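Me: I have not met this structure before. Could you go through some of its labels with me and say what each one rests on?

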Amino acid sequence: MTIEVGEQWVGIDDLVRVARRGESVLLASGARARVAAARDVVMRLSTSGLPIYGLNSALGANTGAVLPEGDLEDYQRRAVRARAVAVGPAYERSSVRAMQFARIAGLARGGSGVSPDVLDACIALLNHQVHPVVPRFGSIGVADLPQLSHLALPLFGEGEVELGGEVLSGRVALERAGLKPVKLGAKDGLALISSNAATTARAALVLHDATAALNAWLAAVALGYEGFRANLSPLHPSAVAARPATGQIEVANQLRALLKGSALLTPGSARRVQDPVSMRVVAQVHGAAQGMVDAARAQVEVELNSAADSPLVLPDDGVMLSNGNFHVPALALALDACAIALAQASSMSVARCQRFMSPALTGLPLQLTRHGPAHSGFATVQKTLTALWAEIRLRANPGSLDYMPVSEALEDHACMALGVAEKLGELLERVRYLIAIELLISAQAVDLRDIEKTTMGEGARQAYEQLRGLVPVLDEDRSLGPDIDRVERAVAAGLFNPKAA
């Protein structure tokens, strides 16, 4: 399938289809006319004698220095080369495709003044599976200049490219793909790199995965309710509606749907009058987390559908305006909030898992083993839980405050948005391991209690069956690390996702 850009709203799901499924991109006809009109403004103003940043005036600390008219095109290539300073391991293919898509979507809005030929070259690179090598470190969130410079170099035959699993020079990759280097005109280099497309792309992928993880987490919670024989009164519609905080009604609805048909819904079936707080406030904490993720997703989609260039070309007015739309504090702050919210949910997950180890609370054997003190059961998994929580807690610290002035202090504020997105991605990876452990512990509790599977809620039973299709019940002690890894991979792949099912 093909995703059309430039006229219709594009969302995170569109980006994921391009990034992970390899779908292609097409520029809408109306967008092409808008891009051409903006380009006419650029060409007219480039010879007007008016000083315009990035067009006939230099960049960064050299702002205000007039560029010779005959150097405008060469300057654009030099500007890209000089900013290709990202370092470290390269992003994987799906992230690079997401960056390509995000920048194409932005250019298609018509505010950059990019040459139509250059935009076509960007689309051709993506559609021909030509993926620039983009290192991870270097952006401070005042446009992702380093990453996008590496993304742009292959367009004119420089840099490195991954093509068909092989890393090649930009020139060789273009030849193999049947493409020709593009000629950059006035402002084209700046149009390619003055964007937060790397942050937008990475945030989109991480948030897509966060939504799936939150859904899988609720499946683990529902399975845990079955194993604990929990009291479901905190999920009662009237209870959650009495104080409709962000997301809690929706999460309670999801949990009730997962528990549809469960014997726990029968009055008097709960073992306790009141369960530990970590089991009672799932709707509140997970509702808040889902609300933060939804808010961040909205910010990402604003970026995907905006012209955030500086200077911004306004074809109807025939002008170019310097502005601050390259700055994305709303997105950075939203991502930091997601990290804190997921950490809150993580602390509760660890607490629930720990409660399952206690016979006084559960009525189950100590450490969830039938074989007594001669066997460890799930006891040592508590160390893994503690280590994961420490790593999650570290990555929940806000990253959007950690900046220093650069460029002769002209750039004296930054929001570090790409680093914040990466930090959230690292946190989410550890969250998935927590989800995997909670699924294993919950299923073990169900087995030790000898619950008749037909009395379980539909979604909880589905999660149990999926889990047992991957990992058998723990009887004799065995290495649980490989089991946890296997389940985490399934969570990452969307297996425990009732919405997807």
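Me: What makes helix 7 a helix that lies across strands, and which strands are they?

Reply: In this predicted model, helix 7, residues 170-177, lies across strand 6 and strand 7. Its direction runs at about 110 degrees to strand 7.

Me: How do you know that strand 6 and strand 7 pair?

Reply: Pairing needs at least two bridges between the strands. Strand 6 (residues 160-163) is joined to strand 7 by four bridges, so the two count as paired. They run antiparallel, and Glu162 stands opposite Val167 in strand 7.

Me: Which strands form the open sheet, and in what order?

Reply: Three strands form it, in the order 4-6-7, with antiparallel pairing.

Me: Why are strand 4 and strand 7 said to stand at the edges?

Reply: Strand 4 (131-132) and strand 7 (166-169) each have a single partner strand, so one side of each has no neighbour in the sheet.

Me: What makes helix 1 mostly covered?

Reply: Helix 1 spans residues 12-21, and seven of its ten residues are buried. Buried means under 20% relative accessible area. The residues of helix 1 that meet this are Ile12, Asp14, Leu15, Val16, Arg17, Val18 and Ala19.

Me: What covers the buried residues of helix 1?

Reply: The cover includes strand 1 (2-5) and strand 2 (24-27). It also includes helix 4 (93-107), helix 5 (116-127), helix 9 (197-228) and helix 13 (282-304). Just after helix 1 comes Gly22, with a positive phi of about 75 degrees.

Me: What makes the side chains along strand 2 alternate?

Reply: Val25 and Leu27 point to one face and are buried. Ser24 and Leu26 point to the other face and are not buried.

Me: How do you know that strand 1 and strand 2 pair, and in which sense?

Reply: The threshold is again at least two bridges. Strand 1 and strand 2 have four, so they pair, and the sense is parallel. In strand 2, Ser24 is the bridge partner of Thr2.

Me: Why is the peptide bond from Ser310 to Pro311 called out?

Reply: Most peptide bonds are trans. The bond from Ser310 to Pro311 is cis, with omega near 0 degrees. Pro311 sits in the loop between helix 13 and strand 8 (312-314).

Me: What is notable about phi in Gln367 and in Asp450?

Reply: Most residues other than glycine have a negative phi. Gln367 has a positive phi, near 60 degrees, and Asp450 has a positive phi near 55 degrees. Gln367 belongs to the loop between helix 15 (359-362) and helix 16 (381-395). Asp450 belongs to the loop between helix 17 (417-448) and helix 18 (458-468).

Me: Why is Gln367 called partly exposed, and why is Asp450 called exposed?

Reply: Exposed means over 50%, buried means under 20%, and partly exposed lies in between. Gln367 has 23% relative accessibility, so it counts as partly exposed. Asp450 has 57%, so it counts as exposed.

Me: How many residues does the protein have, and what share of them counts as buried?

Reply: The protein has 501 residues, and 56% of them count as buried. Its secondary structure comes to 19 helices and nine strands.

How values were computed
Residues are numbered from 1 along each chain as its sequence is written. This is a predicted model: local features need pLDDT of at least 70, side-chain atom pairs count only at pLDDT 80 or more; totals for chains, interfaces and linings use all residues. Side-chain values use heavy atoms; hydrogens and water are left out. Buried means under 20% relative accessible area, exposed over 50%, partly exposed in between (1.4 Å probe, protein chains only). Contact means heavy atoms within 4.5 Å. Axes are lines fitted to C-alpha atoms, for helices over the stretch in contact, and angles run from 0 to 180 degrees between N-to-C directions.
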